[in-house]
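Grab a pencil and let's work through a few exercises together. Each one sets a task and then walks you through a solution.

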Amino acid sequence: MSTATVTEKPTTAKDKPLGGRFVGATANYLDERTSISGFIKELGRKIFPDHWSFMLGEIALWSFVVVLLSGTFLTFFFQASMVETHYTGAYAPLRGVEMSAALASTLEISFDIRGGLLVRQIHHWAALVFVAGIGIHMLRVFFTGAFRKPRELNWVIGFILFILAMGEGFTGYSLPDDLLSGNGLRIIDGMIKGIPLIGTWTSFLLFGGEFPGTEIVGRLYVLHILLLPAILAALLLLHLMLMIINKHTQFAGPGRTNDNVVGYPMMPVYMSKMGGFFFIVFGVIVLVASVFQINPIWNYGPYDPSPVSAGTQPDWYIGFADGALRLVPPHLESVFLNHTWSWNILLPLAVIGIFIVLVLIYPFIEAWITGDKREHHIAQRPRNAATRTAIGAAGVTFYAVLWAAASSDLIATHFWLTMEGVIHSLQALLILGPIVAYFITKRICIALQKKDREIALHGYESGRIVRLPGGEYIEVHQPVDEYERWKLVSYETNEPLVVRPNAQGRIPWHENLRSSISRWFFEDRLTPVTQTEVDEALAHQHHNLEHIEEEETAEIQAAHDRAGVPDAPLVATEDRVHETGNKPSTVIATDDKGEGWSGTGGGPKKD
Amino acid sequence: MAHEVEASEHDRGPAPSSGLAVAVADPVQNPGLPPHRPRVTDTDPKKMRHAVRTVYTLFYLSIAGSIWAIAAYMLFPIEDGAILAIRHNNLFIGLGIALALLAIGIGAIHWSKAIMSDHEQIEPRHPTRGRESTREAAVQAFAEANEESGFGRRTMIRNSLIAALVASIAPGVVLFRGLAPFDSPDHPNAGNPVELLSHTMWKDGMRLARDPSGVPIKASEVTLGSAFHVIPEPLAELSHHDGYLEEKAKAIVLLMRLLPEQLHEEEDRKDWSYNGIVAYSKVCTHVGCPVALYEQQTHHLLCPCHQSQFDVSRGAAVIFGPAARPLPQLPITVDDEGYLIARSDFTEPVGPSFWERH
């Protein structure tokens with residue numbers, strides 16, 4: 001509709017520029033100074049593909065904008081200082097209590113500034129949504145193989161954004177200088193001290209002397225509002241620019257190929273959809289912030305090294321690290337070369353570090369195994385990359401167990417279990433869970449591939465049961481239409497590498513390794529369906545369906561003849577559709593309008 | 001247009017390897033875009049009018065939400081400090097803003113889905129790699145710059161420049177040593193983390209006092225099975241400027257009384273307890289959380305952060321969880337007035353391990 005109006009306007013009012021004289025003059029003014037018309041020409045009608053899962057990254061993007069907006073408001077009131085004051089604000093229970101200016105100003109934001117608590121809660125909730133949005137967006141990218149060439153670098157950038165977002169979260173969480181955040185910092189301090197060689201001094205420099213000192217809040221503040229956001233925003237810009245340069249991936253579908261993008265233009269559809277979605281993300285966060293309390297620092301009070309409450313937990317995204325600390329077995333520390341080696345810190349740090357590095361470089365590992373140097377713009381269905389999906393499921397399970405371990409004490413108290421039992425179970429699950437998840441997921445993926453193949457070649461189960469003359473009951477399978485079939489069959493497969501000696505007659509060790517990993521990846525696979533197979537299956541199916549119909553017709557006609565009404569209709573009329581017994585074969589479910597089953601393409605679509 | 005595309009494809013270098021991917025000899029043919037299915041708003045003008053009405057109604061509703069939020073800002077003051085007032089202020093401003101934002105969002109998306117054209121469009125993709133001619137031009141640019149500057153040829157200039165650039169970063173790094181203090185006449189150990197970590201303010205004869213009041217504790221007040229959170233008596237006098245929190249973070253102690261026969265003490269520590277009363281550092285040897293939970297029946301101490309457990313009856317040895325070392329014990333006795341006092345500082349550094357600990 002909008003395209004029609006655009007083309008109509010110039011013909012009706014030729015001399016008038018689009019949008020009127022003023023807009024035209026402004027556009028001209030800008031273009032003569034910025035060449036912006038070229039930019040608009042390139043991007044204005046750029047096509048973006050459509051799929052609900054492409055919205056997940058937008059959640060992260062827009063919640064980051066909300067974090068920036070709400071955070072900027074907070075900076076006008078927050079004092080990043082650990083100078084000692086006596087609280088004199090509106091919250092009676094803490095009046096007169098000694099605390100740092102940071103906590104006092106946070107309390108002031110919460111209790112003395114109208115809407116201040118709302119903005120604080122918006123900021124905290126938006127930060128949680130931000131990290132969650134990145135996480136779930138990353139899962140989408142991973143499971144659909146959207147990280148493959150040419151997008152490996154954007155995966156790395158995105159993953160660094162994830163780490164930065166967690167850093168932002170932790171630094172922000174520590175700013176109010178309340179009891180909980182102080183305990184969080186205490187844990188960080190203890191972990192840093194456990195790092196060999198540099199640990200003690202790193203902690204000493206970070207805290208400006210002994211823990212807790214009077215510096216840390218100011219320093220974290222600089223990280224939180226200047227350094228990390230600047231890096232984050234720059235990388236985010238790069239991330240989006242690469243997305244535009246590479247163009248978004250699309251799912252396989254009719255008309256969609258590796259060489260095109262099918263979808264809707266940036267202006268007006270995505271401008272409206274994405275812009276609208278920003279307001280929805282913002283609105284939902286505000287709604288949550290106005291209804292659900294988060295981080296009630298006034299209940300915790302100022303930081304004091306002595307008290308701590310049971311059941312303390314970090315924000316959700318730090319949970320996996322805290323869980324890793326908890327799962328370490330006792331007594332892992334040794335003295336070697338007259339220095340202390342804190343394996344109980346180093347082990348979880350190494351486990352998390354290796355996990356992070358593996359996720360970070362996964363695109364390169366997979367590219368090395370497949371040796372595939374082509375560009376891939378079609379997002380895969382997870383089932384069609386069974387091994388990768390299984391690896392992803394194993395990784396998710398591993399993360400989930402670490403995450404659950406951060407609540408080990410709450411699990412124990414809520415479910416009346418022993419602390420030791422919970423920890424030991426989670427320790428076992430951390431090893432066994434990913435293995436089990438891997439095999440189950442892989443088998444499910446392959447089973448789903450088989451199902452796809454079955455549907456593509458033999459049609460879907462129509463739910464229509466037919467009794468054949470011989471007395472046999474069958475369920476009629478209706479073929480799917482060609483557009484649906486394309487979605488099911490348009491994937492390619494990989495075969496394991498067969499190593500061959502190189503020019504020197506040797507097989508290098510890394511090719512042997514690559515060969516065995518590729519066997520692990522691609523041993524279990526289905527051959528993609530070919531056009532010949534489809535054609536044969538279709539012909540066979542048509543033949544079957546026609547045969548059933550012929551026999552049916554003959555039997556009905558014979559019944560009519562015997563009854564002495566040879567001219568009676570063969571197909572139930574409209575008003576008798578719901579009656580049974582009209583045909584020799586019993587129809588359980590009928591097509592609409594009683595057209596029978598002659599049409600092969602006219603059946604209901606399986607969506 | 002078509003010619004351009006073809007020409008550019010030839011210009012993009014050889015076809016990249018497909019690796020282990022299997023080319024299917026007879027692939028299923030892509031059927032092309034399915035026919036467009038009109039929406040109800042495309043076929044029924046009444047539905048279209050309804051959609052248009054819905055969109056602008058939502059936008060007007062958003063204005064109402066904004067006005068409500070401003071009204072709520074004035075209608076729900078918080079200056080009396082009542083929790084209920086703050087709750088109302090938070091809730092009603094928030095609901096107004098949420099309505100304003102959500103209505104814009106839903107309206108805009110409804111506009112795009114129901115009213116704007118939904119004909120799918122196709123745009124070609126080009127390989128990301130630049131055209132051969134462009135790449136050659138880029139290489140040429142580098143080559144000419146290299147030729148004219150002698151960057152590749154004049155290695156002395158180049159290498160000394162790289163060395164100078166690297167060296168110029170070092171002063172900036174060194175400046176950050178100032179993040180932590182140096183030793184000074186007033187604070188002779190301020191720049192020595194190992195020294196600071198190795199000592200607390202406990203001294204011989206210093207009374208054990210209640211946390212946080214600073215009231216000293218008499219041995220007679222420590223009944224069987226009870227536990228006290230303890231600080232050194234002079235700590236309560238310290239202000240935050242004098243390092244109250246830093247000293248407290250190291251000096252906190254848990255005091256418990258067990259039956260003397262329940263205590264399994266090592267020979268050289270027999271005189272570190274008094275009449276079944278033992279004092280242990282409250283700072284977890286794992287990562288430093290306060291080990292605040294005492295289970296009276298089992299004499300176990302539990303750290304609420306990572307669930308390390310220590311057995312008080314056996315020298316606070318680790319019996320579960322990630323901690324590696326027992327809690328350090330504070331040697332105690334009583335003074336003439338019956339108050340519990342320390343006999344010395346801790347004999348080892350308290351809290352989490354660190355590299356220079358041995």
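**Exercise 1.** What percentage of the 607 residues of chain A count as buried?

Solution. Start with the ground rules. This is a predicted model, where local features need pLDDT of at least 70 and side-chain atom pairs count only at pLDDT 80 or more, while totals for chains, interfaces and linings use all residues. Residues are numbered from 1 along each chain as its sequence is written, and chains are lettered from A and ligands numbered from 1 in the order in which they are written.

Next, the cut-offs: a residue is buried if 20 or more other C-beta atoms (placed from the backbone) lie within 10 Å of its own, exposed if 12 or fewer, and partly exposed in between. By that count, 39% of chain A's 607 residues are buried.

**Exercise 2.** Find out which strands flank strand 5 of chain B, and how enclosed strand 5 is.

Solution. Step one: strands are DSSP runs of E with at least two residues, helices are runs of H or I with at least four, and both are numbered from the N terminus. Two strands pair if DSSP finds at least two bridges between them.

Step two: strand 4 (residues 227-232) of chain B runs antiparallel to strand 5 of chain B, with 4 bridges joining them. Here H229(B) sits opposite L254(B).

Step three: strand 6 (residues 277-281) of chain B also pairs with strand 5 of chain B in the antiparallel sense, over 5 bridges. This time L254(B) faces Y280(B).

Step four: 5 of the 5 residues of strand 5 (residues 253-257) of chain B are buried, so this strand is largely enclosed by the rest of the structure. V253(B), L255(B) and R257(B) point one way, L254(B) and M256(B) the other.

**Exercise 3.** Compare two loop residues with positive phi: is each one buried or exposed?

Solution. First, the background: most residues other than glycine have a negative phi, and most peptide bonds are trans.

Take N275(B), with phi near 55°. You'll find N275(B) in the loop between strand 5 and strand 6 of chain B. N275(B) has 11 other C-beta atoms within 10 Å, so it is exposed.

Now Q307(B), whose phi is near 65°. Q307(B) belongs to the loop between strand 8 (300-302) and strand 9 (309-311) of chain B. Q307(B) counts as buried because it has 23 C-beta neighbours inside 10 Å.

**Exercise 4.** Where do the prolines of two cis peptide bonds lie?

Solution. K149(A) and P150(A) share a cis bond with omega about 5°; P150(A) is in the loop between helix 6 (116-143) and helix 7 (152-174) of chain A. From M267(A) to P268(A) the bond is cis too, omega near 0°, and P268(A) is in helix 11 (residues 266-291) of chain A.
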